[in-house]
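Here is a short tour of a chain for anyone who likes to look at surfaces. Have the viewer open as you read.

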Amino acid sequence: MVVARRPLLTATAAGILLAALWFVPSANATDGPAAPSGNRSGPATTSAGDTAAGPRLADTGTGIDTTPYLIGGVAFLGIGAAFVSHSARRTETRPA
């Protein structure tokens with residue numbers, strides 16, 4: 001009897017990876033634990049010249065340069081596609 005261990009190992013590795021990623025903290029913008037009593041701050045208030053009602057949000061800067069992330073993502077996508085096509089080509093030429 002031939003036992004296919006390769007798919008089992010792949011599924012096990014994927015399961016371990018997903019289980020490990022389960023414990024990665026997310027970057028939710030929620031309130032954290034209460035600050036010490038001396039450092040409490042309230043919501044930002046608008047100045048007399050502002051017409052917006054409610055608290056103001058913090059300025060996050062002019063933007064993040066996403067070019068390296070885009071290049072890296074495209075590179076990894078290309079490498080993955082090359083692996084898939086190489087694997088498909090290999091299985092087509094394999095004798096039965």
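## A nonpolar surface patch

In this predicted model, the residues L17, L18, L21 and V24 come together as a nonpolar patch on the surface. Their combined accessible area is about 410 Å².

Take L17 as a way in: buried or exposed? L17 has a relative accessible area of 52%, and exposed means over 50%, so L17 counts as exposed.

## The helix that carries L17

L17 is part of helix α1, which covers residues 5-22. How far apart are the end C-alpha atoms of α1? They are 26 Å apart, and this agrees with the 26 Å that the 18 residues of α1 should span at 1.5 Å a residue.

As for its surroundings, α1 lies largely in the open, because the number of buried residues among its 18 is zero.

## The chain as a whole

Stepping back, the chain holds two helices and zero strands. Of its 96 residues, 0% count as buried. The area that the chain exposes is about 9500 Å², with 65% of that supplied by carbon and sulfur atoms.

Technical notes:
Residues are numbered from 1 along each chain as its sequence is written. This is a predicted model: local features need pLDDT of at least 70, side-chain atom pairs count only at pLDDT 80 or more; totals for chains, interfaces and linings use all residues. Side-chain values use heavy atoms; hydrogens and water are left out. Patches are made of residues with over 30% relative accessible area and no salt bridge: like charges are joined within 9 Å, nonpolar side chains (Val, Leu, Ile, Met, Phe, Trp, Tyr) within 5 Å. Accessible areas come from the Shrake-Rupley method with a 1.4 Å probe; for residues, only the protein chains shown count as cover. A salt bridge is a side-chain nitrogen of Lys or Arg within 4 Å of a carboxyl oxygen of Asp or Glu. Helices (H or I, at least four residues) and strands (E, at least two) are DSSP runs, numbered from the N terminus. Buried means under 20% relative accessible area, exposed over 50%, partly exposed in between (1.4 Å probe, protein chains only). The expected span of a helix is 1.5 Å times one less than its number of residues.
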